[in-house]
Amino acid sequence: MVASTERLTRSQARRAVLRASGLDRPRPVRTTPAGTQGLQQVVDRLGLLQIDSVNVLARAHLVPAYSRLGAWDVQALDRATSRSPRRLVETWAHEASLVPPATFRDLAFKHAALRAHIERRGDALHGVPVARSPEVARVREVVDELGAVTARQVQEVLGGGGRRSDAWGWAWTDAKHALEYLFLVGELTTAGRNAQFERRYDLPDRALPADVLATPPLDEASARRRLTEVAARAHGVASVRCLADHWRTAVPPTQVAVDELVEDGVLVPVEVDGWRGPLYRHRDATVPRRARGRALVSPFDPLVWERTRTESLFGLRYRLEIYVPAAARVWGYYVLPFLLGERLVALVDLKADRRAGVLRVLAAHRAPIPAGDVAAGAPGDEEVARELAAELWTTARWLGMSDVHVGPDAAGDLVAALVRGLAPAAG
């Protein structure tokens, strides 16, 4: 059966994407922070939470839940990852990610491909031999014997302090290299993290719930299809490249899964003004009449992962510029897009100064307005600044900050309007 192709305007596609992502409506006003149930709703919607150690504002995996829930109890994440039966485990999905235990099983083909890739390039991880090193065999034994251990604890068992890599950013011990290799290829997952944000590595047979372990694993084609549908549901409208990027898997086999899902009516081909296809809408994705949400969006949020999609939908060329030399940065160091209604209207460079209890604004820029959107009622600078100011105060309170401060050296064309908006928003 050949599916007919729908046509969507860019505005309709944006609204469908925001509805699918859970960002099209104002967050509920809460008397108490959201807990485990709210976190589960976000994970069910997105399929995963990307992890990163960057803590300039808050841990990367905490902000997407905040963008959709508002204030939430981050201890719910510790409960979901550390207590049995676990709701979430860590693995290599879209980079290092938290995923439901069943998804860990579905990613077995990816883990096998990563192992084969490392072996083909010479058994090295970050330049250090791992796949056939004696340390890996010994680390397997240590984890099997002790379970739920950090790299420091494993290195103490191995003794000798551990050789360290000279490569910048990867000053890892032997134990850490071996553990990360085993984590990358799916031989290990996690039983949560400790207070120092260190992984507590464990065997999947101990970390995964009994009902997941008792379920026969899917074959590769079926697993790819299921993961592709999860990604399509999370995106609402997406290209094959978007769907493959969700799990960082190859495009050609993802296309095969997409074709099967189109044949079964799960995906519907669409065309979107200004977005090069082919594109697909998940059959459950709807187009709300309006998008009324307001949120700061993490650089690690699925909404802005895929650059082509972000530019095509929102007219914004955006990337995280932490590793870009300061002189070459466009928007700032740790910049979050600001969503207002159906548009990304601003970019703000933020830092949580925990010692002073202040949320610091280092830069605030008005985002480019896509061609055609001016006539469609894009908000002006004063409205954007006023709404951004209110969002910054809400975020500061969630983070336990008592003030929001725009420094005298803050950069960007939205700074002056933001300063005017912050004082009344404080109340």
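Begin by selecting F197, which is buried, with a relative accessible area of 17%, and so falls under the 20% that marks a buried residue. This is a predicted model, and in it F197 sits in the loop between β7 (189-193) and β8 (199-202). While the backbone is displayed, note that phi of F197 is near 65°, a positive value in a residue other than glycine.

Select E95 next, which likewise is not a glycine and has a positive phi, here of about 60°. E95 belongs to strand β4 (residues 95-99), and at 29% relative accessibility it counts as partly exposed.

From there, turn to two peptide bonds that precede prolines. The bond from S84 to P85 is cis, with omega near -5°, and P85 is found in the loop between α4 (75-82) and β3 (89-93). The bond from G277 to P278 is also cis, with omega near 5°, but P278 is placed in strand β11 (residues 275-282).

Now bring up R309, located in helix α15 (residues 307-314). Which side chain of opposite charge is nearest to R309, and how far away is it? The nearest is E306, at 6.8 Å, and R309, although buried, has no salt bridge. To see what surrounds this arginine, show its contacts, leaving aside neighbours within four places in sequence: R309 touches V17, H235, V237, C242, W275, P302, L303 and F314.

The last stop is a sheet, for which a cartoon view is convenient. Select the five strands that form an open sheet in the order β12-β13-β14-β15-β16, where the pairing is mixed. At the edges stand β12 (294-296) and β16 (403-411), each with a single partner strand, so that one side of each is left without a neighbour in the sheet. Looking across the sheet, one finds neighbouring strands turned by 30° against each other on average, with direction ignored.

Within this sheet, isolate β13 (residues 335-340) and β14 (residues 343-353), which pair in the antiparallel sense over six bridges. To follow one of the bridges, pick F338, whose bridge partner in β14 is A346. Finally, add helix α16 (residues 381-398), which packs on the sheet and touches β12, β13, β14, β15 (358-366) and β16. When the helix is viewed together with β12, the direction of α16 makes about 65° with that of the strand.

Terms used:
Residues numbered from 1 in each chain as written. Predicted model: local features only at pLDDT ≥ 70, side-chain atom pairs only at ≥ 80, totals over all residues. Heavy atoms only, no water. Pairing = 2+ DSSP bridges. Helix = DSSP H or I, 4+ residues; strand = E, 2+ residues; numbered from the N terminus. Axes fitted to C-alpha atoms, helices over the stretch in contact; angles between N-to-C directions. Contact = heavy atoms within 4.5 Å. Buried < 20%, exposed > 50% of the residue type's maximum accessible area, 1.4 Å probe, protein only. Lys, Arg positive; Asp, Glu negative; His and termini not counted. Salt bridge = Lys/Arg side-chain N within 4 Å of Asp/Glu carboxyl O.
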